[in-house]
Amino acid sequence: MSNEHPVTVSVARTILPGYTRQANAWAHAGQELAREWPGYLGSGWVRNGAGSNEWHMLYRFADAGSLQEWEDSEERRWWIDSARDMMETTRVERHTGIEGWFSRPGDVSVVVPETVVPPRWKQAISIFLPFFPLSLLANFLLHPLTQEWPLVLQVLLNIVILTPLMTYIFLPITTRLLQPWLQKPARKRRNQAKGTR
């Protein structure tokens with residue numbers, strides 16, 4: 001009866017320098033191939049950190065039989081062969097049941113790079129800070145030239161000038177400078193909430 005339990009395979013792979021983007025595309029391609037295979041339940045991958053070259057890839061099948069058919073298939077063989085020049089497989093482990101999704105080899109917790117979205121009020125402040133002085137400066141410099149123009153054209157000229165400046169120069173600089181403030185408080189609140197449970 002053990003063959004009827006779901007099986008999760010955990011594979012540790014070392015990505016060679018310079019192949020991160022190709023490895024991402026390769027992993028997505030493998031997911032698409034496996035998705036149509038009988039017994040496929042899901043897959044994914046995590047990295048030890050944003051700059052880490054060690055990837056832990058997981059895929060899960062309904063039972064050992066369907067997993068074996070996938071691993072013996074021509075499609076998977078072609079997929080694996082296509083990556084031989086950009087990565088090395090360092091460890092393979094199998095887990096039955098659900099525990100395979102929640103542990104990695106060695107029972108070391110996995111750190112997944114996280115994208116923290118700041119609250120909207122912080123986003124508004126990060127836009128206001130560069131936009132207000134830049135808008136004042138633009139109005140000061142352009143007013144002698146556009147004071148006789150209709151209001152609609154004055155506003156249009158300001159927008160045409162300020163939009164690319166904000167998008168490509170000032171907003172990226174501002175968000176980079178404010179990044180600790182934009183992200184750190186949210187993480188603190190989340191950790192405090194966990195501590196009170």
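**Exercise 1. State how confident the predictor is in this model, and where the confidence is low.**

Solution. The protein chain has an average pLDDT of 79, and 80% of the residues score at least 70; pLDDT is the predictor's confidence in each residue, from 0 to 100. Residues 98-116 stay under 50, and the model has 34 contacts for them beyond four places in sequence, where a contact means heavy atoms within 4.5 Å. Residues 185-194 are also below 50 in pLDDT, with eight contacts in the model beyond near neighbours in sequence.

The model is predicted, with local features requiring a pLDDT of at least 70 and side-chain atom pairs counting only at pLDDT 80 or more, while totals for chains, interfaces and linings use all residues. Residues are numbered from 1 along each chain as its sequence is written, and side-chain values use heavy atoms, with hydrogens and water left out.

**Exercise 2. Describe the secondary structure and the arrangement of the sheet.**

Solution. Begin with the elements: the protein chain has six helices and four strands. Helices (H or I, at least four residues) and strands (E, at least two) are DSSP runs, numbered from the N terminus. From the N terminus on, their order is β-α-β-β-α-α-β-α-α-α.

Next, take the sheet. The four strands form an open, antiparallel sheet in the order β2-β3-β1-β4; two strands pair if DSSP finds at least two bridges between them. Strands β2 (40-47) and β4 (87-96) stand at the edges with a single partner strand each, so one side of each has no neighbour in the sheet. From one strand to the next, the twist averages 15 degrees.

Then examine one pairing. Strand β1 (residues 7-15) is joined to β4 by nine bridges, and the two run antiparallel. S10 has E93 in β4 as its bridge partner.

Finally, place a helix on the sheet. Helix α2 (residues 64-71) lies across β1, β3 (54-61) and β4, and runs at about 125 degrees to β3. Such axes are lines fitted to C-alpha atoms, for helices over the stretch in contact, with angles from 0 to 180 degrees between N-to-C directions.

**Exercise 3. Classify the aromatic pairs Y40-F61 and F128-F132, and locate each pair.**

Solution. Rings of Phe, Tyr and Trp (its six-membered ring) pair if their centres lie within 6.5 Å; planes under 30 degrees apart count as stacked, over 60 as edge-to-face and the rest as tilted. The count by this rule is eight aromatic pairs.

For Y40 and F61, the ring centres are 5.8 Å apart and the planes stand at 70 degrees, so the pair is edge-to-face. Y40 belongs to strand β2 and F61 to strand β3, so the pair ties together parts 21 residues apart in sequence. Both Y40 and F61 are buried; buried means under 20% relative accessible area, exposed over 50%, and partly exposed in between (1.4 Å probe, protein chains only). Ring pairs also link Y40 and F61 with W37, Y59 and W70 in a cluster.

For F128 and F132, the values are 5.5 Å centre to centre and 15 degrees between the planes, and the pair is stacked. Both residues lie in helix α4, four residues apart, about one turn of the helix. F128 is partly exposed at 48% relative accessible area, and F132 is partly exposed at 43%.

**Exercise 4. Determine whether T146 is buried or exposed, and name its contacts.**

Solution. T146 is found in helix α4 (residues 120-146). Its relative accessible area is 5%, so T146 is buried. Apart from neighbours within four places in sequence, T146 is in contact with Q154 and L157.
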